[in-house]
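Here's a walk through one protein chain, from an annotated site to the packing around it. Have the viewer open while you read.

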Amino acid sequence: MWTLTHFWGYFVDNKQIHLFYTSNSPFGLNFYIKTLFLPILNDIVMVVDFSIVDVFAEQKYQGNQLAVFHHANGLTDEQMLRIAREIGFQESTFIMSDKTVEGAYDVRIFTPEYEVPFAGHPTLGTAFVLMKESDTAITLNLKIGKVPVNVANETLWLEINNPTFGETFGTDLARLLGIQPEDIDETWPIQLVSTGLPYLIVPVKTLRAVQEVYLEDVAVKEWLTENKLYKTNSSDGLTVAFFVFTDETHAQVNHLHARMFCLENDKIVEDAATGSANACLLAYLLKHELPMIHKLVEQGYEMKRPSLINIKGELNQEGNYTLQVGGKVQLVAQGKWFV
């Protein structure tokens, strides 16, 4: 009598699945490789390796999820967008090749709605996947240009230096956020900031007020469109997101508590940890508070995915910004995607 005792794994090659397993037989324990050709694979054009990581996570199942696809140069723009929609994470990244071009890896970033030129947690998560054990630094070539990433004490750091500042808004914006005008901290401006992705930075007095923030889909889309901040009429073709922060925190060791909301496919979506928004917050703090800053920002608590983002930077006398955003990355899963 033959019985399957242990399934060891598989690999896919030329539309065939090769199974590795051991089996008990009348002659003892045997190791087998069985090859199957399945009709379901007839429509598969290519197979892409992928990894899933949690970014800005002190441990697995915290932080912001990211899917990273390897050797993606054979995918079309439409295929990458459809894969990002299928995954459903805030962003998915596609490494075009494991070879560097002028010292940097070509990487593209897609939300379930469109391609974006930069995002923080996808940058760190992709660099983590690409890094070898001996690497202490790596550079990604994104739509906004080259972004260096280095690692120190298990924390990955990205660096950018190109913030832009836009218009400011009054406390009547509070109504759109589902809170009261008196909840806004008027010692700070409500201001548009971008480091590749645009955010409206909103200072709030208390943790309670941040927790009460609620945005309604239709009202937000109308407000963004009216203020020419929606993708169809904004200057950069991107939709502005909302980043609300306070200096009251859950953990005493942290300095700031934040939440990020964006309108995606006409629905309000909250993000568990947002590197690009924290880069904008860092630039905002350097401009309005101190010319040198190092703070810990907590995010994602309201989503049951606590995240920890390190921000540190400097504004020098010549008006140049150095912005660094850091956090830990955890490997969650690896697999194959059938295109």
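Where does UniProt place the feature "active site"? The unreviewed UniProt entry puts it at Glu91; positions from UniProt follow the numbering used here, feature names are shortened, and annotations may be inferred rather than shown by experiment.

A word on ground rules. This is a predicted model, where local features need pLDDT of at least 70, side-chain atom pairs count only at pLDDT 80 or more, and totals for chains, interfaces and linings use all residues. Residues are numbered from 1 along each chain as its sequence is written, and side-chain values use heavy atoms, with hydrogens and water left out.

**The chain as a whole**

The secondary structure comes to five helices and 21 strands. Those are DSSP runs numbered from the N terminus, with helices being H or I over at least four residues and strands being E over at least two. Buried residues make up 52% of the 339 residues. Here buried means under 20% relative accessible area, exposed means over 50%, and partly exposed is in between, with a 1.4 Å probe and protein chains only. As for contacts (heavy atoms within 4.5 Å), 59% of those between residues at least 6 apart in sequence join residues at least 24 apart.

**Around Glu91**

Glu91 sits in the loop between α1 (77-87) and β6 (92-95). Is Glu91 buried or exposed? With a relative accessible area of 7%, Glu91 is buried. Not counting residues up to four places away in sequence, Glu91 touches Gln65, Leu66, Ala67, Ile109, Phe110, Thr111, Ala119, His121 and Pro122.

Glu91 also turns up at a cavity. Rolling a probe the size of a water molecule over the atoms shows where empty space is left. The cavity rule takes a 1 Å grid over the protein atoms alone and looks for a set of points where a 1.4 Å probe fits but cannot get out; lining residues have an atom within 4 Å of a point. Grid points are joined across faces, edges and corners, and a volume is the space filled by probe spheres set on the points. By this rule there is one cavity of 30 Å³ or more, and the largest cavity has a volume of about 240 Å³. Of the 25 residues lining the largest cavity, Gln90, Glu91, Thr111, Leu197 and Cys262 are the closest to its centre.

Which elements supply at least two residues each of that lining? They are α2 (120-130), β14 (198-203), β16 (256-264) and α5, and β16 gives the largest share, four residues. Helix α2 is itself mostly covered, with 10 of its 11 residues buried; among them are His121 and Pro122.

**Cores**

A nonpolar core is a set of buried Ala, Val, Leu, Ile, Met, Phe, Trp, Tyr and Cys residues joined through side-chain atoms within 4.5 Å. The largest one has 57 residues, and those with the most contacts inside it are Val149, Leu158, Tyr199, Ile201, Leu281, Tyr284 and Leu285. Helix α5 (residues 275-288) gives the most to this core, with nine residues. Domain 2 (45-145 + 330-338) and domain 3 (164-319) both give residues to this core, so it lies between them; the domain bounds come from an automatic or database domain assignment. Another core, of 26 residues, lies apart from it, and includes Ala174, Leu200, Ala209 and Phe242.

Back in the largest core, Leu158 has contacts beyond four places in sequence that include Phe118, Leu124, Val149, Leu323 and Val325.

**Loop residues worth a click**

Most residues other than glycine have a negative phi, and most peptide bonds are trans. Phe56, though not a glycine, has a positive phi of about 60 degrees, and Glu102 has a positive phi near 55 degrees. The table sets these two beside two other loop residues.

| Residue | Loop between | Relative accessible area |
|---|---|---|
| Phe56 | β4 (47-55) and β5 (64-69) | 0%, buried |
| Glu102 | β6 and β7 (105-110) | 72%, exposed |
| Met131 | α2 and β9 (137-142) | 15%, buried |
| Glu289 | α5 and β18 (292-299) | 36%, partly exposed |

Met131 touches residues including Ile138, Val149 and Leu156. The C-alpha atoms of Met131 and Val149 are separated by 9.9 Å, with the two 18 residues apart along the chain. Glu289, leaving aside neighbours within four places in sequence, is in contact with Trp188 and Lys295. Glu289 and Trp188 are 101 residues apart along the chain, and their C-alpha atoms are separated by 9.0 Å.

Technical notes:
On a 1 Å grid over the protein atoms alone, a cavity is a set of points where a 1.4 Å probe fits but cannot get out, and a pocket is an open set with protein on both sides within 12 Å along at least five of seven lines; lining residues have an atom within 4 Å of a point.
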